[in-house]
Amino acid sequence: MAENTTKLSFGEKVKKFVKDYKTEFKKIKWPTLLETNKSFVIVLVFTVIAGLAIFGFDTGLKALLNLGIG
């Protein structure tokens, strides 16, 4: 690729940035509502599982400490 040796002014740089931004934004593949809902359910399930695991470890350690301390 040949490089452009002319310097762009600030305004031209902003225009180029906005143009490039719009071009790239059009390339985004947005998820469908069904894909979004499936992802939400997966995240929710794993969050609940992780929360229950942490609760179980915390409760178990608390019980062990209470046995040891008295």
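**Surface patch, aromatic contacts and salt bridges**

Leu 52 is found in helix α2, which spans residues 33–69. In this predicted model, Leu 52 counts as exposed because its relative accessibility is 56%, above the 50% cut-off for that class. Leu 44 also lies in helix α2; with a relative accessible area of 44%, Leu 44 is partly exposed. Both residues belong to a nonpolar patch on the surface, whose further members are Phe 40, Val 41, Ile 42, Val 45, Phe 46, Val 48 and Ile 49. Together, the residues of this patch present about 890 Å² of accessible area. The position of Leu 44 relative to helix α1 (residues 10–26) may be described through Lys 19: the two residues are 25 positions apart along the chain, and their C-alpha atoms are separated by 38 Å.

Aromatic contacts were examined next. A search of the whole structure finds 3 aromatic pairs. One of them joins Tyr 21 and Phe 25 in a stacked arrangement, with 5.9 Å from centre to centre and 25 degrees between the planes. The pair counts as stacked because this angle is under the limit of 30 degrees. Tyr 21 and Phe 25 both lie in helix α1, 4 residues apart, which corresponds to about one turn of the helix. Each is partly exposed, at a relative accessibility of 48% for Tyr 21 and 40% for Phe 25. Tyr 21 and Phe 25 are also part of one aromatic cluster, together with Phe 17 and Trp 30.

Side chains of opposite charge can pair when their charged atoms come close. The structure holds 3 salt bridges. Within helix α1, Asp 20 and Lys 16 are 4 residues apart, about one turn of the helix, and their side chains meet in a salt bridge at 2.8 Å, N to O. Asp 20 is partly exposed, with a relative accessible area of 35%, and Lys 16 is likewise partly exposed, at 45%.

A salt bridge also links the side chains of Glu 24 and Lys 27, with an N to O distance of 3.2 Å. Here Glu 24 is partly exposed at 47% relative accessibility, whereas Lys 27 is exposed, with a relative accessible area of 59%. Lys 29 forms a salt bridge with Glu 35, the closest N and O atoms being 3.7 Å apart; this contact qualifies because the separation falls within the 4 Å cut-off. Lys 29 counts as exposed at 64% relative accessibility, while Glu 35 is partly exposed at 35%.

Methods: Residues are numbered from 1 along each chain as its sequence is written. This is a predicted model: local features need pLDDT of at least 70, side-chain atom pairs count only at pLDDT 80 or more; totals for chains, interfaces and linings use all residues. Side-chain values use heavy atoms; hydrogens and water are left out. Patches are made of residues with over 30% relative accessible area and no salt bridge: like charges are joined within 9 Å, nonpolar side chains (Val, Leu, Ile, Met, Phe, Trp, Tyr) within 5 Å. Accessible areas come from the Shrake-Rupley method with a 1.4 Å probe; for residues, only the protein chains shown count as cover. Helices (H or I, at least four residues) and strands (E, at least two) are DSSP runs, numbered from the N terminus. Buried means under 20% relative accessible area, exposed over 50%, partly exposed in between (1.4 Å probe, protein chains only). Rings of Phe, Tyr and Trp (its six-membered ring) pair if their centres lie within 6.5 Å; planes under 30 degrees apart count as stacked, over 60 as edge-to-face and the rest as tilted.
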